[in-house]
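Please work through the following exercises with the structure open beside you, and try each task before you read its solution.

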Amino acid sequence: MDTNAIASLLRPYAELTAAQLAQTLTYLNLLVKWNAKVNLTAVRNPEEMVTRHFGESFFAVGRLVSETPFAQTPFLPTWSGTAIDVGSGAGFPGLPLAMVAPGAEVTLIEANNKKAAFLNEAIFALQLKNAKVFADRAENYPGRGALVTVRAVERFEKSLPVAMNLVAEGGRLALMIGASQVDAARKLGAEVEWQDPEPVPGGHSRVLLVGTKRVGA
């Protein structure tokens with residue numbers, strides 16, 4: 001696969017710059033290589049990796065940190081906040097966020113040692129100066145973020161309160177979840193002012209649900 005093929009596959013989700021496409025190709029090749037040995041994702045087909053993982057992540061990142069419609073213009077954000085990706089796994093959406101928002105400070109929380117090792121190698125391969133790995137449980141992370149992201153984590157109902165605790169007052173919690181999980185998220189996140197969920201392209205019944213943590217909550 002080359003960058004032209006990646007750009008075509010990503011078109012429903014985002015339009016990247018040439019440099020961002022080159023990084024995406026590097027990331028994809030590394031993911032395919034590692035996934036043959038470490039179970040980073042159940043998705044094995046590279047084209048499906050591009051749409052399911054990269055596409056969904058770039059779509060969400062664009063909605064979170066860009067002031068222009070992400071699918072219409074090359075993504076050149078200036079957002080420079082602190083972000084925490086809980087249960088980062090293979091790095092989605094945390095690494096795509098670091099790739100397209102160089103001013104952001106992104107922490108990838110991943111307790112699994114093999115997955116954390118992959119994330120560190122990906123950060124090195126992508127030459128990202130604004131991303132780091134916290135190889136421990138999210139409950140043990142000492143900081144707070146202006147933006148906390150959660151995507152496809154196990155034990156969602158247990159993970160959500162932990163993620164919410166990592167959100168700074170006035171910060172945002174962004175969930176990439178199934179449409180059927182929205183009601184549960186709203187009930188568990190009572191201290192959050194939720195926006196309407198936004199469908200993610202791709203036809204997998206996924207949504208982006210974003211909420212702002214109330215001051216004093």
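**Exercise 1: strand pairing**

Leu147 stands opposite Arg172 in strand S5. This is a predicted model, in which local features need pLDDT of at least 70 and side-chain atom pairs count only at pLDDT 80 or more, while totals for chains, interfaces and linings use all residues. Residues are numbered from 1 along each chain as its sequence is written, and side-chain values use heavy atoms, with hydrogens and water left out.

Task: find which strands pair with S5, and in which sense.

Solution: Begin with strand S4 (residues 145-151), which pairs with S5 (residues 167-178) in the parallel sense over six bridges. Strands here are DSSP runs of E with at least two residues, helices are runs of H or I with at least four, both numbered from the N terminus, and two strands pair if DSSP finds at least two bridges between them. Turn next to strand S8 (residues 206-213), which pairs with S5 in the antiparallel sense over seven bridges, with Gly211 as the bridge partner of Leu173.

**Exercise 2: the largest core**

Task: identify which residues touch the most other members of the largest nonpolar core, and which helix supplies its largest share.

Solution: A nonpolar core is a set of buried (under 20% relative accessible area, 1.4 Å probe, protein chains only) Ala, Val, Leu, Ile, Met, Phe, Trp, Tyr and Cys residues joined through side-chain atoms within 4.5 Å. Among the 50 residues of the largest one, Leu95 and Phe118 touch the most other members. Helix H3 (46-65) gives the largest share, nine residues.
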